[in-house]
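Biologist: I am new to this structure and would like to learn how to read it step by step. Could you take me through a few features?

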Amino acid sequence: MLAIYKHLWQVNWAEQWQYRANLIMYLFYWLVSPIVYLAVWTTVATAQGSVNGLTAQDFVAYYMVLLIVNIATSEITIHILGYRIMDGTLSNLLVLPVHPVLTQVLVNNLAFKALQLIALAPIWAVLYVLFQPVLTITLVNVLLAIPALALGFLFSFFIGATITFIAFWTTRVWAIAEFYFAVFQLFAGQFVPLSLLPPVLHNIAEALPFRLVLYFPVQLILGKLTVQESMLNLGLLAVWCVAGYALFSVVWRGGVKKFSAVGA
Amino acid sequence: MQPVQTRNGTSRIARNGPDPIIVDGLSKTYRVTDREGGFGAAVRSFFKRKYRDVKAVQNVSFRIGSGEIVGFLGPNGAGKTTTLKMLSGLLYPTGGSANVLSHTPWERRADYLRSITLVMGQRNRLSWDIPAADSFLLNQAIYRIGDADYKRTFDELNELLELAAIIRKPVRNLSLGERMKCELAAALLHRPQVLFLDEPTIGLDIGAQVRIRSFLKEYNRRSGATILLTSHYMADVTALCERIIIIHHGQLKYDGKLADLSRRIAPYKLIAVRLGDCIDCDLSRYGTVVEVAAEYGADGANGDGGKQLVQVKADEVAAVTARILADLPVSDLTIEDPPIEDVIERAFHE
């Protein structure tokens with residue numbers, strides 16, 4: 001199995017370099033919203049002194065770390081697989097003796113992510129010089145952030161793939177995916193740090209898993225959590241990953257059966 | 001080999017050993033939405049959808065012996081591709097059963113998928129942005145092919161398809177014929193025992209078609225693989241398939257030797273005659289004068305040296321030929337079988 005992933009990586013890595021313009025456009029897509037929120041909230045915080053106890057410096061640090069976490073945990077399964085399900089070219093993957101999503105699509109996501117992170121580095125450096133964030137990052141937090149980001153990506157991948165599988169039943173999958181993404185952004189801490197949400201929304205965010213994908217790793221990297229709190233969230237994220245995988249598997253099996261029923 | 005009766009009474013050619021493909025009463029009905037064109041119909045269908053059933057494949061049965069190459073023929077929409085997709089595990093049937101290499105195809109078990117291949121003309125398995133060589137290595141990993149086996153198979157495919165010069169170029173830079181060679185190689189690296197080929201020569205020029213055909217024949221001879229092939233090019237069928245299965249409107253129309261079909265459907269021969277200096281020669285008294293084919297390069301009129309085709313019953317060919325040669329100033333005469341396209345076309349509608 002490792003050999004499959006190794007070759008898939010080589011193929012996908014080589015492929016991603018063919019689509020540099022595509023990569024840049026996606027990168028801007030991921031960058032624009034955090035940078036806009038950074039600008040807005042730092043302006044507000046500077047004018048008021050602080051917002052609910054968060055200073056302009058806090059906002060700068062939050063969004064600068066969010067830029068990295070965002071890309072590290074993002075996934076693009078619907079863009080890889082959505083059209084293949086709709087136009088039937090998924091057949092080419094289904095005749096292979098491996099799970100196409102857990103091999104080809106997963107590695108495609110990872111290769112794309114790796115290249116995006118490389119492309120982000122110089123942009124992040126420029127932003128660092130511009131905004132001068134105060135970051136106190138410890139080795140323990142970095143070590144804990146690695147599994148947090150990996151699990152965060154895995155959870156996003158399972159849910160993103162499951163939503164993509166809706167394409168087996170309806171061509172309106174893009175609208176559903178957009179709706180999901182908006183909900184995700186709100187409750188993951190993309191728009192605002194979750195502590196600024198109204199109490200009702202904050203409670204919903206606490207109950208949903210999305211905060212574990214963005215807000216938790218950001219807070220972890222910024223040193224806002226104790227090791228115990230981090231471990232608890234990591235355990236919770238692992239449980240959500242298992243649940244996500246179960247959902248992914250059930251919907252995939254149903255989807256392939258549907259695909260096979262209506263004509264691949 | 002011996003003729004065998006299938007469920008629906010058609011004959012087949014059986015070989016010794018277990019049959020790798022056994023299809024029994026296979027059916028597939030699609031449910032499709034049905035609406036008329038126009039804005040009003042679109043609005044109405046939003047609230048109330050109409051559906052209708054399309055019977056793509058109906059109660060089809062056949063068996064294919066080990067090492068056979070069988071042509072699976074039918075007009076567009078006959079159910080050929082649907083059948084191939086069911087046999088390669090991509091579609092669930094709505095009825096009947098199939099057993100391929102002792103597997104139920106639509107269970108899609110990994111060891112089954114490792115022992116078959118499906119090649120759909122123009123639908124690529126290869127990644128466009130990288131050289132085919134990289135996709136081959138990926139397939140080596142996916143199909144768990146050992147290094148020694150991979151090298152042996154690749155060398156063999158390279159010898160048959162002359163791949164070495166093209167597999168280092170990105171696939172998008174290859175011609176259609178070159179790409180099809182690479183597609184075939186990618187599909188065969190794991191040495192499948194059963195090949196489902198859906199229009200493998202579609203869109204290729206004559207030279208490329210000939211090369212793919214001779215490759216398939218040689219591959220079948222060397223590996224003993226069983227091949228079920230669809231094609232609209234009769235040259236593919238006549239070059240490769242001793243046996244054909246004809247399907248039309250989802251139903252099996254014929255299963256047997258190609259030559260037998262010819263004898264049954266079109267029990268006549270064509271005598272192509274080129275006459276010398278002859279103004280009033282009338283060939284119609286020897287048989288039915290059919291239209292002169294364009295490739296003869298003449299309008300068929302007597303005395304201009306053009307060829308005419310006379311259709312006569314197969315058992316009268318010798319006598320009629322002798323009479324023509326005795327009666328008329330013949331400069332050239334050949335006896336031909338009826339075009340296979342005509343035979344198949346008649347079989348579709350019989």
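The dialogue below goes from the overall make-up of one chain to a helix pair and then to a sheet.

Modeller: Please keep in mind that this is a predicted model. The secondary structure of chain B comes to 11 helices and 15 strands, and of its 350 residues 40% count as buried.

Biologist: How do helix H6 and helix H7 of chain B pack, and at what angle?

Modeller: One compares the directions of the two axes, and angles under 35 degrees count as roughly parallel. Here H6 (residues 176-188) and H7 (residues 206-223) of chain B meet at about 15°, with their axes 10 Å apart, which makes H6(B) roughly parallel to H7(B). The crossing of H6(B) with H7(B) is right-handed.

Biologist: Which residues make the contact?

Modeller: From H6(B) come B:Gly177, B:Met180, B:Leu184 and B:Leu188, while H7(B) contributes B:Ala208, B:Ile212, B:Phe215 and B:Tyr219. By class, this contact of H6(B) with H7(B) has seven nonpolar residues, one polar residue and no charged ones.

Biologist: In what order do the strands of the six-stranded open sheet lie?

Modeller: An edge strand pairs on one side only. In chain B the order is S7-S8-S9-S5-S10-S11, with mixed pairing, and the edges are S7 (116-120) and S11 (251-257) of chain B. Within the sheet, S8 (residues 194-198) and S9 (residues 226-230) of chain B run parallel and are joined by five bridges; B:Asp198, for instance, has B:Thr230 in S9(B) as its bridge partner.

Technical notes
Residues numbered from 1 in each chain as written. Chains lettered and ligands numbered in written order. Predicted model: local features only at pLDDT ≥ 70, side-chain atom pairs only at ≥ 80, totals over all residues. Axes fitted to C-alpha atoms, helices over the stretch in contact; angles between N-to-C directions. Helix = DSSP H or I, 4+ residues; strand = E, 2+ residues; numbered from the N terminus. Parallel < 35°, antiparallel > 145°, perpendicular 65-115°, else oblique. Left-handed = near helix turned anticlockwise from the far one by under 90°. Contact = placed C-beta atoms within 7 Å. Nonpolar A, V, L, I, M, F, W, Y, C, P; charged D, E, K, R; others polar. Buried ≥ 20, exposed ≤ 12 C-beta atoms within 10 Å, placed from the backbone. Pairing = 2+ DSSP bridges.
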